[in-house]
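Let's take a walk through this model, stopping at the metal sites, a strand and some ring contacts. Keep the viewer open as you read.

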Amino acid sequence: MSKKPADYEGRRKHTASHVMSAAVMMLWPETKRGVGPWTDDSFYQDYDFGDAEVSDKDFKKIQKKMRWIVNKNFKVEKRMLKEAEARSAFPGDEYKEELIDGIVERGEDISFYDFVDETGRIVYTDLCAGPHVESTGEIGVFELTKLAGSYWRGDSDNAMLTRVYGVAFENEELMAEYKHFLEEAAKRDHRKLGKELDLFTFSDKVGSGLPLFTPKGTFLRETIANTIQDIQAEFGYERVNIPHICKKDLYETSGHWDKFKEDLFHVKGKGDTEFVMKPMNCPHHTQIYASQMRSYRDLPIRYSEVTTCYRDEQPGELLGLSRVRSLTQDDGHVFCRIDQVKEEVKNITKVVQAFYGKLGMYEPGRFWVSLSVRDPQTPEKYLGDPAEWDKAEQFLKEVSEEQGLDAVKTEGEAAFYGPKLDFMFKDAIGREWQLATAQIDFVQPERFGLEYINEKGEKDRPVMIHRAIAGSLERFLSVIIEHFAGAFPAWLSPIQAHIIPVNEAHEAYAKELQQKLKYAGARIEYYDASDSLGKRIRNAQKSKVPFSIIIGDNEVESGNLTIRKYGEQKDQSVSEEEFLELLES
Ligand SMILES: [Zn+2]
Ligand SMILES: [Zn+2]
């Protein structure tokens, strides 16, 4: 057999969607077909079923037909058609008409893909640019997964079609792996855990995409933000504070207006001035820098702030804490000379290391770093002095080497305003998230006319570095809730331990102990003896609190604590001091 092409996986999935369509057309011949591409882990196809009522209850029926098509192992063959020929193949099908119009307009060739049986007869055909695998038998193990409404061409003025999703894997083993992954992901879903662990909520009265954080969720947010602030304090960051609205002029100057105006919330005041809710903080921070004449001796100047931004995301795109309309950034900006860039970026990577190290995520194989540089083919895409770009890219490379980051150079991934280091972290079930970043910016200082007086007494332009450690706190929370499956490390957990007296006789001692531990800074909840001991220990485990402390006769006598760690079956005996130390981990 010939070697598999590089896009084989995509071909296989795309052929799977044609097999699904062939099955659908055999079952409901009046169906009209929209588009049907494949994605990273699935394929889908849009259908207009007309008057036929098709739901996920029909999946079994469709899959049975699909299996028949796969077993027949039809050849998949490409056929080129003239425009008139192609049009006559789908009489009265407005979707195909429109698709063919587009192909003709773009001056492309029209191709069909046929399923052909061993006698050479075409058993199924569809307009398609391909490519495909050679025969239907190659699509492997498949399953239809869900069904959803979808507007033709994604436009809500158009007809609503039915989108059917499926997955296809080369063998049973990969399918089983995928199913296990889905189960794990569902168990860890932050929207589900957020409710169960009482971390955040949404209210129709407040609005979609605007999360409200409970005391426990707020504790998590603040602990994350404060931990980052504490770590970076030694690198000279100073806190600043800005209002959440501003004149639209600020974003016109920064250049964000054109790009973001559709996504901004507009605010109407008493006068004529147009205000917006801030979608980012960088332009505001430039104005604090610009409030005074700076000397080279003042640089670097480092501002940091944990502050909320607002973006009017499409309601359909909102998703738990992952996609929200109010997002709180742990933001920071450094204004420095070009020769200070290396040291500053290095310090940012040290904060990343310390913070993610504390979470246990800064480990080999758990993360990788992208050194995002210019695409040498399209230098015109990037603004700023090419000589400064060269220097900045070189500095980032040196930081990567000196800090052992082993950054992967990705050409063309730089922003138009400067190169960057992006940190990608893998969560407990292998999903990858871009979280921390350090981005050099040559453009904002230019647009805002930022200056400092250099050693020669002349005016010079500083470089700006944007830095985020956690990114948006909302998105970061969604990631770590799912990463830890809600069982946070003790230092981060809103409640660190339940204290459980064995029976009434131990209640007074247990309460006293709770007070004592609270004074020492521990976050302890008391769990009275109204339920059976077994039930209380089970409940404590369900709440995912890191420790249960069990107090019975032995503990009262010895003064030691019997503790059980979350997820473990065995108890251990520790002193109060040892226990307090465990809470730091
Ligand atoms: Zn196709
Ligand atoms: Zn920024």
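## Zinc ion, ligand 2

Start with the zinc ion (ligand 2), bearing in mind that this is a predicted model. Its ligands from the protein are Cys282 through SG, His333 through NE2 and His466 through ND1, at 2.0 to 2.3 Å. Read along the chain, the donors of this zinc ion (ligand 2) give the spacing C-x50-H-x132-H.

Two of these donors come from distant parts of the chain: Cys282 belongs to helix α10 (residues 282-289), while His466 belongs to strand β22 (residues 463-472), and they are 184 residues apart. Cys282 and His466 are both buried.

## Zinc ion, ligand 1

Now look at the zinc ion (ligand 1). Here the protein donors are NE2 of His14, NE2 of His18 and SG of Cys128, and they lie 2.1 to 2.2 Å from the metal. The spacing along the chain is H-x3-H-x109-C.

The two histidines share a helix: His14 and His18 sit in α1 (residues 8-27), 4 residues apart, or about one turn of the helix. His14 and His18 are both buried.

## Strand β23 and its partners

How many residues of strand β23 (residues 497-501) are buried? The count is 5 of its 5 residues. On one side you'll find Ala497, Ile499 and Pro501, on the other His498 and Ile500, and with all of them buried, both faces of β23 are covered.

β23 has a parallel pairing with strand β24 (residues 524-526), made over 3 bridges. Within that pairing, Ala497 has Ile524 in β24 as its bridge partner. Helix α15 (residues 507-519) joins β23 and β24 in a right-handed β-α-β unit. β23 also runs parallel to strand β25 (residues 547-551), with 5 bridges between them. Look there for Ile500, which stands opposite Ile550 in β25.

## Aromatic pairs

There are 24 aromatic pairs in the structure. One of them is Trp28 with Phe49, an edge-to-face pair at 5.9 Å centre to centre with 75 degrees between the planes. Trp28 is in the loop between α1 and β1 (32-33), and Phe49 is in the loop between β2 (43-48) and α2 (59-72), so this contact ties together parts that are 21 residues apart in sequence. Why does Trp28 count as buried? Because its relative accessibility is 13%, and the cut-off for buried is under 20%. Phe49 is buried as well, with a relative accessible area of 7%.

Tyr95 and Trp152 make another pair: their ring centres are 5.0 Å apart and their planes are at 70 degrees, so the pair is edge-to-face. This one links distant parts of the chain, with Tyr95 in helix α4 (residues 94-105) and Trp152 in the loop between β6 (141-151) and β7 (160-169), 57 residues apart. Tyr95 counts as buried at 3% relative accessibility, and Trp152 does too at 5%.

## A cluster and two charges over rings

Next, select Phe355, Tyr356, Tyr362, Phe367, Phe423, Phe425 and Phe476, which form one aromatic cluster.

Finish with two arginines. Which ring does Arg294 lie over? That would be Tyr289, with 5.2 Å to the ring centre. Arg467 puts its charged end over the ring of Tyr237, 5.7 Å from the centre.

Note on methods. Residues numbered from 1 in each chain as written. Chains lettered and ligands numbered in written order. Predicted model: local features only at pLDDT ≥ 70, side-chain atom pairs only at ≥ 80, totals over all residues. Heavy atoms only, no water. Donors = N, O, S within 2.8 Å, 3.2 Å for Na, K, Ca; no water. Buried < 20%, exposed > 50% of the residue type's maximum accessible area, 1.4 Å probe, protein only. Pairing = 2+ DSSP bridges. Right-handed = clockwise from strand over helix to strand, strands pointing away. Phe/Tyr/Trp six-rings, centres within 6.5 Å; stacked < 30°, edge-to-face > 60°. Lys NZ or Arg CZ within 6 Å of the ring centre and 35° of its normal.
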